[in-house]
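Take a look at the model below. We will go through its salt bridges, then turn to one of its helices.

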Amino acid sequence: MKITIGSDHAGFDLKLMLIEHLRQGGHELVDVGTDSTRPVDYPDYAEAVALNVLQGKSERGILICGSGVGASVAANKVPGIRAGLCHDGYSAHQGVEHDEMNVLVLGARVIGSALAKALCTTFLSARFTGEERHRRRLGKIHSIEQRYSLAKEKIS
């Protein structure tokens, strides 16, 4: 699978380890940065990962920051992105199976490397079920995105 991966400075070391792990698993990685532990702003990398996924440059994205919270918030501002902050295996597969999550967000200061590897593997192997109840709920999420995108345009 082709995956876009990005991190801020706090997630840089975990990102490097995950790139190696995922390549060993046969995945193709697109790394959108950052390239060091020098302080940077996580929204820049959240947007880069999100856009690559939306533009079809990769099938899914993985995003890492210190807690995962900021990157998750930023990525979810991009319509069409369903980024989930996961620190347990159930959320990593259920987010894909039920919510068609397309970006996994990890907190490098919250989880260790073994759990991060396991979460990536779980996320990437999960598939959306396509069940009617899940499609209906995704439709409602899309409607919310549409309503508030239009409202913002009217306010601006």
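Is K15 buried or exposed? The model is a predicted one, and in it K15 is buried, with a relative accessible area of 0%. The cut-off for buried is under 20%, so K15 qualifies.

The side chain of K15 has a partner. It meets the side chain of D31 in a salt bridge, at 2.8 Å from N to O. K15 lies in helix α1, residues 12-24, while D31 lies in strand β2, so the pair ties together parts that are 16 residues apart in sequence. D31 is partly exposed, with a relative accessible area of 39%. One side of this bridge is thus buried, K15, and the other is partly exposed, D31.

How many salt bridges does the structure hold? There are six. The K15 and D31 pair is one of them.

Another salt bridge joins the side chains of K2 and E28, with 3.7 Å from N to O. This pair links distant parts of the chain. K2 sits in strand β1, residues 2-7, and E28 sits in strand β2, residues 28-31. The two residues are 26 apart. K2 is partly exposed at 30% relative accessible area. E28 is partly exposed as well, at 46%. Strand β2 thus carries E28 of this bridge and D31 of the bridge to K15.

R133 and E131 also pair up. Their side chains meet in a salt bridge at 3.0 Å, N to O. R133 is partly exposed, with a relative accessible area of 35%. For E131 the value is 35%, and this residue too is partly exposed.

Now move to helix α4, which spans residues 89-99. Which of its residues are buried? They are A92, Q94, G95 and V96. What covers the buried residues of α4? The cover includes β3, residues 60-65, and α5, residues 113-125. A strand and a helix are thus among the elements that cover these residues.

Both ends of α4 deserve a look. At its start, D88 comes into play: a side-chain oxygen of D88 reaches to within 3.2 Å of the backbone nitrogen of Y90. At the other end, E100 follows the helix. The phi of E100 is positive, near 50 degrees.

To retrace the path, start at K15, buried at 0%, and cross to D31 in strand β2. Continue to E28, also in β2, and on to K2 in β1. Then find α4 and its buried residues, including A92 and V96.

Note on methods: Residues are numbered from 1 along each chain as its sequence is written. This is a predicted model: local features need pLDDT of at least 70, side-chain atom pairs count only at pLDDT 80 or more; totals for chains, interfaces and linings use all residues. Side-chain values use heavy atoms; hydrogens and water are left out. Buried means under 20% relative accessible area, exposed over 50%, partly exposed in between (1.4 Å probe, protein chains only). Helices (H or I, at least four residues) and strands (E, at least two) are DSSP runs, numbered from the N terminus. Contact means heavy atoms within 4.5 Å. A polar contact is a pair of N or O atoms within 3.5 Å; within protein, one must be able to donate a hydrogen and the other to accept it, and residues adjacent in sequence count only if both atoms are side-chain atoms. A salt bridge is a side-chain nitrogen of Lys or Arg within 4 Å of a carboxyl oxygen of Asp or Glu.
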